[in-house]
Amino acid sequence: MNTTTRLIAALALAGAALAIPSAFAATPPTKAQSVTLTPIAKSATRYEGTLSNKHILMVLSQEGANFGGAYAYVKQGSQERPRWIDLLGSAKKDGVVSLVEKVNGKVTGSFSGKIAGSGFSGTWQSSAGRRLDFSVSAVPATGDLAIVAHIETSGPDAKLKRIDIYRDKKPAQSFPSDADIFTSLEGLHYDDRDVNFDGYPDLAVPVENGEQLHWLFDPAQNRYVTAPASLQGINVTSTQYSTDEVYEEWSSGMNIYKYVGGKYCLTQENVVSGEAGDDKVSEKTYPVSQCKGKR
């Protein structure tokens, strides 16, 4: 075999070696890092106080000048679940916060007052015109929290390996995980909205395919506990206190789940199909007694 023939053969073998994946090819190094998560939205404020001579609990979220949430009459020391009345309103330029309350979609009263420091006070008025004073104070539900995610990356792949919870700058809890993450680490956040409607903020972290991992805050233990399997994976985008419902919305539809008996039951599916301007909405409903899960 002459020199030219040997060179051609060597090049051919080299090309073949490059074309065939090798089981011993180098794999991307695994990198571990910790990310302190930011909340997806401003945390809701839990208030406790009185409306006239009755004790009330109020939960309010604020986005700009807009407020939303609910309140309930409570008996001190009672373990009963609050019976929530929805609130919706806004703050005016003079600082007065006006909130309308609704029961079954019907306006039944309103709150008007000012938030100063940790207090919110003013006047409640019924739909019939009866006026009563109210005064509530913000009560931190879970302390000063920091949520830290421990991530492992290998090339373009990233996995959530652990969530650490710090309360008042001290380690409080740790939850192991092994979930894929499809969002950028810069966009990783946590959601602390109340999804079991007890007035305490819960915890969710987004993972693969727009889904979420969930933990519920247990005030009796002063700790987070793993949420029911029926909630895991649901991407909660909004909630409604008065009906104990969580909503999962996306570009072409929406699922509604009702929290009942410690489970999250699918009660309605809405799917949008067709072109813009000629789109159609198909709706399916399910009785709570069947308690269907995520579909």
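Strands are DSSP runs of E of at least two residues, numbered from the N terminus. In the predicted model described here, Glu-269 is placed in one such run, strand β21. With a relative accessibility of 13%, Glu-269 counts as buried. The side chain of Glu-269 is joined to that of Tyr-286 by a polar contact of 2.4 Å.

Strand β21 also takes part in the covalent cross-linking of the chain. The structure holds 1 disulfide, formed by Cys-265 and Cys-291, with 2.1 Å between the sulfur atoms. The link is left-handed, with an angle of -75 degrees about the S-S bond. Cys-265 belongs to strand β21 (residues 263-273), whereas Cys-291 lies in the segment after β22 (280-285), so the disulfide ties together parts of the chain that are 26 residues apart in sequence. The two cysteines are described by separate accessibility classes: Cys-265 is buried, at a relative accessible area of 1%, while Cys-291 is partly exposed, at 25%.

At the level of the whole chain, the secondary structure consists of 1 helix and 22 strands. Of the 295 residues in the chain, 35% are buried. Among contacts with a separation of 6 or more, 36% involve residues 24 or more positions apart.

An open sheet is formed by 3 strands in the order β15-β16-β17, with antiparallel pairing. Strands β15 and β17 (223-226) are the edges of this sheet, each pairing on one side only. From one strand to the next, the twist averages 30 degrees. On one side of β16 (residues 212-218), the antiparallel pairing with β15 extends over 4 bridges; β16 and β17, which also run antiparallel, are joined by 4 bridges. Trp-215 of β16 takes part in both pairings, since it stands opposite Leu-203 and has Thr-226 of β17 as a bridge partner. The hairpin of β15 and β16 has 5 residues between its strands, and Asn-209 adopts a positive phi near 55 degrees in this hairpin.

The side chains of strand β15 were examined next. In a regular strand the side chains alternate between the two faces of the sheet. In β15 (residues 203-206), Leu-203 and Val-205 point one way, Ala-204 and Pro-206 point the other way, and all are buried.

Strands β15 and β16 also contribute to the nonpolar interior. The largest nonpolar core comprises 22 residues, of which Leu-37, Ile-151, Leu-160 and Ile-163 touch the most other members. Two or more residues of this core are supplied by each of β11 (145-154), β12 (157-167), β13 (170-180), β15 and β16. The greatest contribution is that of β12, with 4 residues. When neighbours within four places in sequence are left aside, Ile-163 is in contact with Leu-37, Ile-147, Val-148, Ala-149, Gln-173, Ser-174, Phe-175, Val-205 and Trp-215. Another core, of 19 residues, lies apart from this one and includes Ala-72, Leu-231, Val-246 and Tyr-286. Tyr-286 is thus named both as a member of that core and as the polar partner of Glu-269.

Polar contacts were also found at two further sites. Ser-230 is located in the loop between β17 and β18 (238-240). The side chain of Ser-230 reaches the backbone nitrogen of Tyr-264 at 3.0 Å. Not counting residues up to four places away in sequence, Ser-230 touches Lys-263 and Tyr-264.

The second site is centred on Gln-125, in strand β9 (residues 119-126). Gln-125 is partly exposed, at a relative accessible area of 29%. A polar contact of 2.8 Å links the side chain of Gln-125 to the side chain of Arg-131. Apart from neighbours within four places in sequence, the residues in contact with Gln-125 are Gly-109, Ser-110, Arg-130 and Arg-131. Between Gln-125 and Val-100, which are 25 residues apart in sequence, the C-alpha to C-alpha distance is 9.7 Å.

How values were computed. Residues numbered from 1 in each chain as written. Predicted model: local features only at pLDDT ≥ 70, side-chain atom pairs only at ≥ 80, totals over all residues. Heavy atoms only, no water. Disulfide = S-S within 2.5 Å. Buried < 20%, exposed > 50% of the residue type's maximum accessible area, 1.4 Å probe, protein only. Pairing = 2+ DSSP bridges. Core = buried A, V, L, I, M, F, W, Y, C linked by side-chain atoms within 4.5 Å. Contact = heavy atoms within 4.5 Å. Polar contact = N/O pair within 3.5 Å; in protein donor to acceptor, adjacent residues only side chain to side chain. Axes fitted to C-alpha atoms, helices over the stretch in contact; angles between N-to-C directions.
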